[in-house]
Amino acid sequence: ASLGARFAFAMKGTRAEDGMKGTRATRVVLFLLFVLLCCTKAASGFKENEFKTCAKSSFCQRLRSVPPEHKYVIESLEADDSGAVRGKVSVVDEDAEDETLHKDIDFALLAYESGVLRLKVSQPGRFEVPEVLLDDLKQVPLTSQSKASAQEIFQFQNSLVVVTLSPMKVEVYGDKSKITTPTVVFNENSLFNF
């Protein structure tokens with residue numbers, strides 16, 4: 001008799017647990033439906049006109065309309081009294097027999113003690129944000145190592161800087177004894193646009 005009572009009690013316990021599992025499953029399904037409903041409301045609350053698209057941005061439209069035949073060429077490079085290297089950049093249209101489109105872009109390379117190299121491309125008359133560098137950076141001179149018609153190589157501390165003139169490209173080698181792979185390359189694929 002005791003074995004039968006134990007068996008019946010065990011069966012009742014199992015049925016009660018099954019009932020609770022059914023209730024839990026129902027709760028989980030209802031919760032998932034609630035989350036899905038909330039997501040649907042959030043998606044319908046999206047306001048497309050509040051987000052900036054390329055059609056609304058003059059910067060994006062201007063860059064999309066530039067044909068790939070344009071290239072940036074460094075016309076001249078000269079070191080100044082502070083040790084910085086400065087020059088002028090022209091935008092040249094290759095298809096129009098090297099017609100120059102712009103000549104008023106300034107180019108500057110400045111080296112600092114901590115191994116920092118700053119490349120600055122600017123245009124006279126454009127606003128420049130003041131105090132963009134840390135106060136404790138001390139400028140060091142860039143010295144010319146070699147000069148050819150197509151490129152010029154500069155050195156500062158233990159680094160080399162290779163400036164290709166046409167099209168404009170700057171390669172920085174952090175360790176001048178290892179010049180197989182540059183540490184940083186600016187305008188490697190001639191995609192720079194100013």
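Visitor: Let me start with one residue: in which helix does Val-35 lie?

Guide: Val-35 belongs to helix H1, which covers residues 2-44. Please keep in mind that we are reading a predicted model.

Visitor: Thanks! How much secondary structure does the chain have, and what pattern does the chain follow along the sequence?

Guide: A good habit is to take the inventory before the details. Here the chain has two helices and 10 strands. Going along the sequence, the order is α-α-β-β-β-β-β-β-β-β-β-β.

Visitor: Back to Val-35, then. Is Val-35 buried or partly exposed?

Guide: Relative accessibility is the number to look at, and values from 20% to 50% fall in the partly exposed class. Val-35 counts as partly exposed because its relative accessibility is 33%. Val-35 also has company: together with Val-28, Phe-31, Leu-32 and Phe-34, Val-35 forms a nonpolar patch on the surface. The accessible area of these residues together is about 490 Å².

Visitor: What would one expect of nonpolar side chains in general?

Guide: In soluble globular proteins, nonpolar side chains tend to be buried together. For this chain, we can look at the core.

Visitor: Which residues touch the most other members of the largest nonpolar core?

Guide: That core has 22 residues, and those with the most contacts to other members are Ile-74, Leu-77, Phe-107, Leu-109, Leu-142, Val-161 and Val-163. At least two core residues come from each of strand S1 (70-79), S2, S3, strand S7 (151-156), strand S8 (159-164) and strand S9 (169-173). The biggest contribution is from S3, with four residues.

Visitor: Could we zoom in on one of them? Which residues does Val-163 touch, beyond those up to four places away in sequence?

Guide: Val-163 touches Ile-74, Leu-77, Phe-107 and Leu-109, as well as Ala-150, Gln-151, Glu-152, Phe-154 and Lys-169.

Visitor: And for the chain as a whole, what share of the residues is buried?

Guide: Of the 194 residues, 24% are buried. The accessible surface of the chain is about 14,100 Å², and carbon and sulfur atoms account for 57% of that surface.

Visitor: Let's turn to charged pairs. How many salt bridges does the structure hold?

Guide: There are three salt bridges. A useful way to read each one is to check the N to O distance, then the exposure of both partners. Asp-80 and Arg-86 pair at 2.7 Å. Asp-80 is partly exposed at 27% relative accessible area, and Arg-86 is partly exposed at 38%.

Visitor: Where in the secondary structure do Asp-106 and Lys-88 lie?

Guide: The side chains of Asp-106 and Lys-88 form a salt bridge at 2.5 Å. Asp-106 sits in strand S3 (residues 99-112) and Lys-88 in strand S2 (residues 85-93), so their pairing ties together parts 18 residues apart in sequence. Asp-106 is partly exposed at 24%, and Lys-88 is partly exposed at 35%.

Visitor: Which residue does Lys-120 meet in a salt bridge?

Guide: Lys-120 meets Glu-128, with 2.9 Å from N to O. Lys-120 is partly exposed at 26%, and so is Glu-128 at 42%.

Visitor: One last residue: with which side chain does the side chain of Lys-71 make a polar contact?

Guide: The partner is the side chain of Ser-166, at 3.2 Å. Lys-71 is placed in strand S1. Apart from neighbours within four places in sequence, Lys-71 contacts several residues, including Ser-90, Val-91, Val-92 and Pro-167.

Note on methods:
Residues numbered from 1 in each chain as written. Predicted model: local features only at pLDDT ≥ 70, side-chain atom pairs only at ≥ 80, totals over all residues. Heavy atoms only, no water. Salt bridge = Lys/Arg side-chain N within 4 Å of Asp/Glu carboxyl O. Buried < 20%, exposed > 50% of the residue type's maximum accessible area, 1.4 Å probe, protein only. Patch = residues over 30% accessible without salt bridge, like charges linked within 9 Å, V, L, I, M, F, W, Y side chains within 5 Å. Areas by Shrake-Rupley, 256 points an atom, 1.4 Å probe, with all protein chains shown as cover. Core = buried A, V, L, I, M, F, W, Y, C linked by side-chain atoms within 4.5 Å. Contact = heavy atoms within 4.5 Å. Polar contact = N/O pair within 3.5 Å; in protein donor to acceptor, adjacent residues only side chain to side chain.
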